[in-house]
Amino acid sequence: MNLELKHVTAEIESKKLIDDVSFKLDSGSWLMMVGPNGAGKSSLVRCLARTIDYKGDITIDGVNIQSFKSREYARIIGFQSQINHITYEFSVEEVVAMGAYSNDKYDPSVLKLADLEHLRNKSVLTLSGGELQRVFLAQLFAQNPDILVLDEPTNNLDIKHQQELFEILGSWIKDRGVSALSIVHDLNIAKKYGDDLLVLNKGKFVDSIDDAFEMDVSAYMQEMGEQWKA
């Protein structure tokens, strides 16, 4: 399925969070969105999630997203937030299985995808932040949507699990022919895994990543890499 935004603008109390943004996410592609703090990345996700008002058009295969009922929309698009809280003493598998509410068909193999099989019966209240993040990723896999929208999907994960989960996501996208939009802070991850890069700054897409971050990004990344050479 193809997701398209045309001239989307969102504001709260006269402050523009998103300013005339347009882009298209084609089926089977993986877009990475980067930008400084406060650029509007999470606000754009909230527009897609229909949790804030916006002007302009957001469509999936030409159909306005506002026309979908909640359950129908959940079959099409799935969201993973960078901040997840849970206060009830459910097991890992119980929380993961909640992701299948829109299709009534839970596939327990998603636990293996997120390296959670050994934790399936543990209370989620006993998990580390990184483990809990993997639980919510598995929940998203259980939802099995056609489009993934991921706001910092590896937040709180160590570098080993970051790599593992991005490899898993890449395989998921390729094997199932789904599309994904990921917000990331790590520019190396964006370049390695994304098919294309969107740079957001002050609510607008910009062409220059250096201008967005007000620094020579390439030179800085090279300098950081030099520190690890023998």
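Is Asp 104 buried or exposed? Select Asp 104 and you'll find a residue that is exposed, with a relative accessible area of 61% (buried means under 20% relative accessible area, exposed over 50%, partly exposed in between, with a 1.4 Å probe and protein chains only).

Before going on, some ground rules. This is a predicted model, where local features need pLDDT of at least 70 and side-chain atom pairs count only at pLDDT 80 or more, while totals for chains, interfaces and linings use all residues. Residues are numbered from 1 along each chain as its sequence is written, and side-chain values use heavy atoms, with hydrogens and water left out.

**Stop 1: positive phi**

Stay on Asp 104, in the loop between H3 and H4 (helices, H or I with at least four residues, and strands, E with at least two, are DSSP runs numbered from the N terminus). Its phi is positive, about 60°, although Asp 104 is not a glycine. Most residues other than glycine have a negative phi.

Now jump to Asn 144, in the loop between H5 and E7. Here phi is near 55°, again positive in a residue other than glycine. Asn 144 is partly exposed, at 36% relative accessible area.

**Stop 2: the open sheet**

Show the strands E2-E1-E4-E5, in that order: these four form an open sheet with antiparallel pairing (two strands pair if DSSP finds at least two bridges between them). The edges are E2 (15–25) and E5 (63–64), each pairing on one side only.

Zoom in on E1 and E2, antiparallel and joined by seven bridges. Ala 10 stands opposite Ile 18 in E2. The hairpin of E1 and E2 has two residues between the strands, and Glu 13 takes a positive phi near 50° there.

At the other edge, two bridges join E4 (residues 55–60) to E5, and these strands also run antiparallel. Pick Ile 60 and you'll see Val 63 in E5 opposite. Then select Thr 59, which lies in E4 and counts as buried at 15% relative accessibility. Leaving aside neighbours within four places in sequence, Thr 59 is in contact with Asn 2, Leu 3, Glu 4, Asn 64 and Ile 65 (contact means heavy atoms within 4.5 Å).

**Stop 3: the helix across the sheet**

Select H1 (residues 41–48), which lies across E1 (3–12), E2 and E4 and runs at about 115° to E1 (axes are lines fitted to C-alpha atoms, for helices over the stretch in contact, and angles run from 0 to 180 degrees between N-to-C directions). H1 is mostly covered, with six of its eight residues buried: Lys 41, Ser 43, Leu 44, Val 45, Cys 47 and Leu 48. Just after H1, Arg 50 takes a positive phi of about 65°.

**Stop 4: the nonpolar cores**

Next, colour the largest nonpolar core, which has 40 residues; Trp 30, Val 92, Val 96, Leu 116, Val 135 and Phe 166 have the most contacts inside it (a nonpolar core is a set of buried Ala, Val, Leu, Ile, Met, Phe, Trp, Tyr and Cys residues joined through side-chain atoms within 4.5 Å). Several elements supply at least two residues each, including strand E3 (30–34), helix H5 (129–143) and helix H6 (159–176). The largest share, eight residues, comes from H5. Apart from this core lies another, of 31 residues, among them Leu 5, Met 33, Tyr 54 and Ile 65.

Centre on Trp 30: not counting residues up to four places away in sequence, its contacts include Phe 166, Leu 169, Ile 173, Ala 180 and Tyr 193. Follow that to Ala 180, in strand E8 (residues 179–183), which counts as buried at 0% relative accessibility. With the same sequence neighbours left out, Ala 180 touches Leu 25, Ser 29, Trp 30, Leu 31, Leu 148 and Ile 173.

Back in H5, try Gln 133, a buried residue with a relative accessible area of 3%. Measure from there to Thr 154: the two are 21 residues apart in sequence and 7.1 Å apart in space, C-alpha to C-alpha.

**Stop 5: the largest pocket**

Finally, select Phe 79, Tyr 101, Gln 139, Leu 140 and Gln 143, the closest to the centre of the largest pocket among its 18 lining residues. H2 (70–76), E6 (77–80) and H5 each supply at least two residues of the lining. The volume is about 330 Å³. For this stop, a pocket is, on a 1 Å grid over the protein atoms alone, an open set of points where a 1.4 Å probe fits, with protein on both sides within 12 Å along at least five of seven lines, and lining residues have an atom within 4 Å of a point. Grid points are joined across faces, edges and corners, and a volume is the space filled by probe spheres set on the points.
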